[in-house]
Amino acid sequence: MIERDEAAIYVDGLTKTFGSGKNAVTAVEDVSFAVAPGEVIGLLGPNGAGKTTLLKSILGLVLPDEGEVRIQGSDVYDRPQQAYEHVDAMLEGARNDYWRLTVQENLRYFAAIHGQNPAVVADRHKSLLERLDLDKKADTAVRDLSRGMKQKVSLASVLAGDVSVVFLDEPTLGLDVESSLKLQQELVRLTEERGLTLVLSSHNMDVIEEICDRVVIMSGGHIVANDTVEALIADFERQGYRITVRDIDDVVLADLRERFRMTSIEQTNRKTRFEIAADSATFYRLTDVMEHHEIDIDSIETVQPDLAEAFVELTKSSESSMKPNTIEKGDGD
Ligand SMILES: Nc1ncnc2c1ncn2[C@@H]1O[C@H](COP(=O)(O)OP(=O)(O)OP(=O)(O)O)[C@@H](O)[C@H]1O
């Protein structure tokens, strides 16, 4: 892990439990990670994994029970003013802008509360509005904009000040495909140009894959993975295979299902198509078993794993490890 004082964001042993006694929910448990300056991090996890609690704890909106959080070297609980001086966030569900004010006025306001002279940052605002396709709406009140445009105004407001560490919760939520792509490109460009450190939480794997240097995956209040997208996918060392067979007997199919982890089984007329995630040893074992059953193989294609698959596997195994009674079957071993 990067050194405490060199990290843009440093989290060590963070734990937060809501409620007490029987109703206690530990939303985040002993979470540690660090983000280097200029890094773009994706925060992923299923519903209830603890992402919002973690973000709010880092931002000082939730007081953790244990742990240390530092931003650009300053402890957020001991020296909040210093720690948050160059930090801004766009949180999901929170109204980030003043709806009666125009787009331009919002930007000026947010720059001003970050201690910036609006006249000095006028150029930055102009280019932000142009890039986010908001320039023609600069004098429109935010309440009169579409949902997608409001989302973009929120983002522009976050970037309007002199920020160097930015947290974005679901920044592309509710945007159409084109606006979402445009926003992603702009985020990449802005982070590069301004050297921003960005933490982005999203359920959209494409967004994460597209713009993040590294991914932190949470499940059940813990970090279950912290690596680059490429490394997470490569870590599986398991290729996927899509296999189509003809006239397979139900008993034989049941036997295959018992021995191997088969997914997306489709049957049409005489053909059966299924997918398995398998390393090469498992794949050869599968071909042996199919030969033994004299299965008529129509085709075998390889399927490249992607982040979504890695995510499902990682969060599934951590959930099952928390439930000792869960019996994992048929993984080919
Ligand atoms: N204020 C609260 N009081 C009680 N329990 C809470 C509170 N906030 C969160 N929790 C619980 O903590 C757990 C983690 O919630 P959190 O909102 O951090 O997850 P999340 O990963 O952000 O989920 P989502 O993707 O659904 O937004 C959940 O079980 C949630 O019900």
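Start by selecting the shell around the ligand: by class it has 4 nonpolar, 7 polar and 1 charged residues. Here Ala, Val, Leu, Ile, Met, Phe, Trp, Tyr, Cys and Pro count as nonpolar, Asp, Glu, Lys and Arg as charged, and the others, Gly among them, as polar. To pick the shell by name, take Phe18, Gly19, Val25, Ala27, Gly45, Asn47, Gly48, Ala49, Gly50, Lys51, Thr52 and Thr53. A residue makes the list if its C-beta atom, placed from the backbone, lies within 6 Å of the molecule. Two elements, β2 (25-35) and α1 (51-58), give two or more residues each, and α1 has the largest share with 3 residues. Helices (H or I, at least four residues) and strands (E, at least two) are DSSP runs, numbered from the N terminus.

Before going on, a word on what you're looking at. This is a predicted model, in which local features need pLDDT of at least 70, side-chain atom pairs count only at pLDDT 80 or more, and totals for chains, interfaces and linings use all residues. Residue numbers run from 1 along each chain as its sequence is written.

Next, colour by domain. The assignment, automatic or from a database, gives domain 1 (9-233) and domain 2 (237-304). Their C-alpha centres lie 43 Å apart.

Now zoom in on an open sheet of 4 strands, in the order β12-β13-β11-β14 with antiparallel pairing. Because β12 (262-268) and β14 (296-303) stand at the edges with a single partner strand each, one side of each is left without a neighbour in the sheet. Neighbouring strands are turned by 15° against each other on average, direction ignored. For a closer look, show β11 (residues 239-246) and β13 (residues 271-278), which pair over 8 bridges; DSSP has to find at least two bridges for strands to count as paired. Label Gly240, and you'll find Ala277 of β13 opposite.

Then add helix α10 (residues 280-292), which packs on the sheet and touches β11, β13 and β14. Its direction makes about 150° with that of β13, using lines fitted to C-alpha atoms (for helices over the stretch in contact) and angles from 0 to 180 degrees between N-to-C directions.

Last stop: colour by pLDDT, the predictor's confidence in each residue, from 0 to 100. The protein chain averages 85, with 92% of its residues at 70 or more. Among its elements, strand β1 (residues 9-18) has the highest mean at 97, and helix α11 (residues 307-322) the lowest at 67. Over residues 320-333 pLDDT stays under 50. Where pLDDT is low, the predicted coordinates should not be read in detail.

Notes: Two residues are in contact if their C-beta atoms, placed from the backbone, lie within 7 Å.
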